[in-house]
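Biologist: I would like a close look at a single part of this model, followed outward through whatever contacts connect with the topic. Please take it step by step, and give the reasoning where there is any.

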Amino acid sequence: MATLTRKNLAIIVLAGIFASVLPAYVVAQNCGCAANECCSRWGFCGTTEEYCGTGCQEGPCIAPPPTNDVSVPDIVTTEFFNGIIDQAEDSCVGKSFYSREVFLDALSSYPRFGRVGSVDDSKREIAAFFAHVTHETGHFCYIEEINGASRDYCDEDNTQYPCNPDKGYYGRGPIQLSWNFNYGPAGESIGFDGLNSPETVANDPLISFKTALWYWMNSVQPVISQGFGATIRAINGALECDGGNPATVQARVGYYTDYCSQLGVAPGDNLTC
């Protein structure tokens, strides 16, 4: 199964979190930006969309587009959800962990998911989300990354979200949340100790789905208008895109086009990355 070992790349591109992208002098301590600057969700000052767009904390933030009247539960029907999870073997740990009911419960904290743009846009976003979830978890079979505990997902240069040396920040949950710089802010946003208790994502199905939606809303939904290929890049970056792993790219595209067909919507352009 794919893992999110390049989520750091996605965040660099989408949010400008690291010093390699932003000079040290733009770092804002507790925000405090100039009047014409935005404080990004990562605590940096700037004036571009990366700062003033999704997650902007204060300043001349860009107002998000209005939501539409789409009912996500009416699209993610029991038949649609079960059509995915029923393909997992009965022995899969995820079969007793993931459920449509818990997904809908988590969804209440993210009212903008699947509700931006036209009805077709909503259907494409929902299809894209579940395409990635299907690929990441093997049809909701896996809760944790296979052999993830043997891999190092600690970015020691990230002092804002320092690693606990006794914990592992490998992939967990529907989108396989990875790295300390994702567990930390996800925990702050959702309400659990992501740095000291990352295993919560594999033990609490509600928090697990919330981490997937948190990552999606912050790092994937902002690029979805660029096509499904952009969502692959936001999730797995160079590990799969630009020839990194064309087979996994095609696997994701296959799930996406299948779900678009089920939902009665054209998949759109720019399917690969």
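Modeller: In this predicted model, S178 is placed in the loop between α6 (119–137) and α7 (180–190). Its relative accessibility is 0%, and S178 therefore counts as buried, since that class takes in values under 20%. A polar atom of the S178 side chain lies 3.5 Å from the backbone nitrogen of G171. Close by in numbering, there is a contact of another kind, in which R172 places its charged end over the ring of Y170, 4.0 Å from the centre of that ring.

The loop between α6 and α7 also supplies one half of a disulfide. C92 and C141 are joined with their sulfur atoms 2.1 Å apart, and the value of -85° about the S-S bond makes this link left-handed. The bond ties together distant parts of the chain, for C92 belongs to the loop between α4 (78–85) and α5 (100–107), whereas C141 belongs to the loop between α6 and α7, and 49 residues separate them. Both cysteines, C92 and C141, are buried.

F140 takes us to the aromatic contacts, of which the structure holds 22 pairs. The ring centres of F81 and F140 are 4.8 Å apart and the planes meet at 25°, so this pair is stacked, given that planes under 30 degrees apart are classed in that way. Here again distant parts of the chain are linked, with F81 in helix α4 and F140 in the loop between α6 and α7, 59 residues apart. F81 and F140 are both buried. A contrasting geometry is found for F113 and F129, an edge-to-face pair with 5.1 Å from centre to centre and 70° between the planes. In this case F113 comes from the loop between α5 and α6 and F129 from helix α6, a separation of 16 residues, and both F113 and F129 are buried.

Helix α6 itself deserves a closer look. It contains E136, a residue that the UniProt annotation "active site", from an unreviewed entry, covers. E136 has a relative accessible area of 0%, which means that E136 is buried. Helix α6 also holds R124 and D121, 3 residues apart or about one turn of the helix, and R124 forms a salt bridge with D121 in which the closest N and O atoms are 3.2 Å apart. D121 has a relative accessible area of 33% and so is partly exposed.

Side chains of opposite charge can pair when their charged atoms come close. A search of the whole structure finds 8 salt bridges, one of which brings E240 and R252 together with their closest N and O atoms 2.8 Å apart. This pair joins distant parts of the chain, as E240 is in helix α10 (residues 228–240) and R252 in helix α11 (residues 246–263), 12 residues apart. Both E240 and R252 are buried, and salt bridges with shared partners join E136, E240 and R252 into one network. Another salt bridge is formed by the side chains of D90 and K95, at 3.8 Å from N to O. There D90 is exposed, because its relative accessible area is 70%, while K95, at 26%, counts as partly exposed.

To return to the disulfides, their count comes to 6, and among them is the bond between C38 and C52, with sulfur atoms 2.0 Å apart. The torsion about its S-S bond is about 100°, so the disulfide of C38 and C52 is right-handed. C38 lies in strand β1 (residues 38–39) and C52 in helix α2 (residues 49–52), distant parts of the chain that are 14 residues apart, and both C38 and C52 are buried. C154 is likewise joined to C163 by a disulfide, S to S 2.1 Å, and with a torsion of about 115° this link of C154 and C163 is therefore right-handed. C163 has a relative accessibility of 22% and so counts as partly exposed.

Terms used. Residues numbered from 1 in each chain as written. Predicted model: local features only at pLDDT ≥ 70, side-chain atom pairs only at ≥ 80, totals over all residues. Heavy atoms only, no water. Helix = DSSP H or I, 4+ residues; strand = E, 2+ residues; numbered from the N terminus. Buried < 20%, exposed > 50% of the residue type's maximum accessible area, 1.4 Å probe, protein only. Polar contact = N/O pair within 3.5 Å; in protein donor to acceptor, adjacent residues only side chain to side chain. Disulfide = S-S within 2.5 Å. UniProt positions renumbered as here; feature names shortened; annotations may be inferred. Phe/Tyr/Trp six-rings, centres within 6.5 Å; stacked < 30°, edge-to-face > 60°. Lys NZ or Arg CZ within 6 Å of the ring centre and 35° of its normal. Salt bridge = Lys/Arg side-chain N within 4 Å of Asp/Glu carboxyl O.
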